Amino acid sequence: MIAYLKGSVASVQKSSSNRVILTLEVNSCGYEMQIPARFAAGLTAGEQVQVFTHLQIREEQPLLYGFSSAAERDLFRQLISV
């Protein structure tokens, strides 16, 4: 549904459950997404990035996942389809 987002890194936060949350600002709108830790290691606030995304709707909560490449996203999709 959302193939990718291109914008500036607003923040990168680690949650208590060892998840890394990226807030990406795109046209004055902030998108929160879960990203791999190694992707987060290379990001700095204000940097312009393109993030390939996967939107997952679970029960009542939509989750947006972000990846550094389309190949990495496609591998994630294969893994969750098993």
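This note goes through a strand hairpin, a buried arginine and the aromatic pairs of a predicted model.

1. The hairpin. Strand β4, which covers residues 48–58, runs antiparallel to strand β5, residues 61–67, and the two are paired over seven bridges. Two residues lie between these strands, and within this hairpin E59 adopts a positive phi near 50°. Across the pairing, H54 is placed opposite Y65 of β5, and both of these residues come up again below in connection with helix α2.

2. The arginine in the helix. R73 belongs to helix α2, which spans residues 70–80. Its relative accessibility is 9%, so R73 counts as buried, the cut-off for that class being under 20%. The side chain of R73 is in polar contact with the side chain of D74, at 3.5 Å. When residues up to four places away in sequence are set aside, R73 touches A3, F52, T53, H54 and F67. Of these residues, H54 is the one already described as standing opposite Y65, while F52 takes part in the aromatic pair treated in the next point.

3. The pair of Y4 and F52. Three aromatic pairs are found when the whole structure is searched. In one of them, the ring centres of Y4 and F52 are 6.1 Å apart and the ring planes meet at 55°, so the pair is classed as tilted. Because Y4 sits in strand β1 (residues 4–14) and F52 in strand β4, this pair ties together parts that are 48 residues apart in sequence. The two partners also fall into separate accessibility classes: Y4 is partly exposed, with a relative accessible area of 42%, whereas F52, at 18% relative accessibility, counts as buried.

4. The pair of Y65 and F76. A tilted aromatic pair is also formed by Y65 and F76, with 5.0 Å from centre to centre and 45° between the planes. Y65 lies in strand β5 and F76 in helix α2, and the pair thereby links distant parts of the chain, 11 residues apart. Y65 has a relative accessibility of 14% and therefore counts as buried.

5. The cluster. Which residues do ring pairs link into a cluster? They are Y65, F67 and F76. Two of the members have appeared above in other roles, since Y65 is the residue that H54 faces across the hairpin, and F67 is among the residues that R73 touches. Read alongside the previous points, the cluster includes the Y65 and F76 rings, whose pair joins strand β5 to helix α2, the helix in which R73 also has its place.

Technical notes. Residues numbered from 1 in each chain as written. Predicted model: local features only at pLDDT ≥ 70, side-chain atom pairs only at ≥ 80, totals over all residues. Heavy atoms only, no water. Pairing = 2+ DSSP bridges. Helix = DSSP H or I, 4+ residues; strand = E, 2+ residues; numbered from the N terminus. Buried < 20%, exposed > 50% of the residue type's maximum accessible area, 1.4 Å probe, protein only. Polar contact = N/O pair within 3.5 Å; in protein donor to acceptor, adjacent residues only side chain to side chain. Contact = heavy atoms within 4.5 Å. Phe/Tyr/Trp six-rings, centres within 6.5 Å; stacked < 30°, edge-to-face > 60°.
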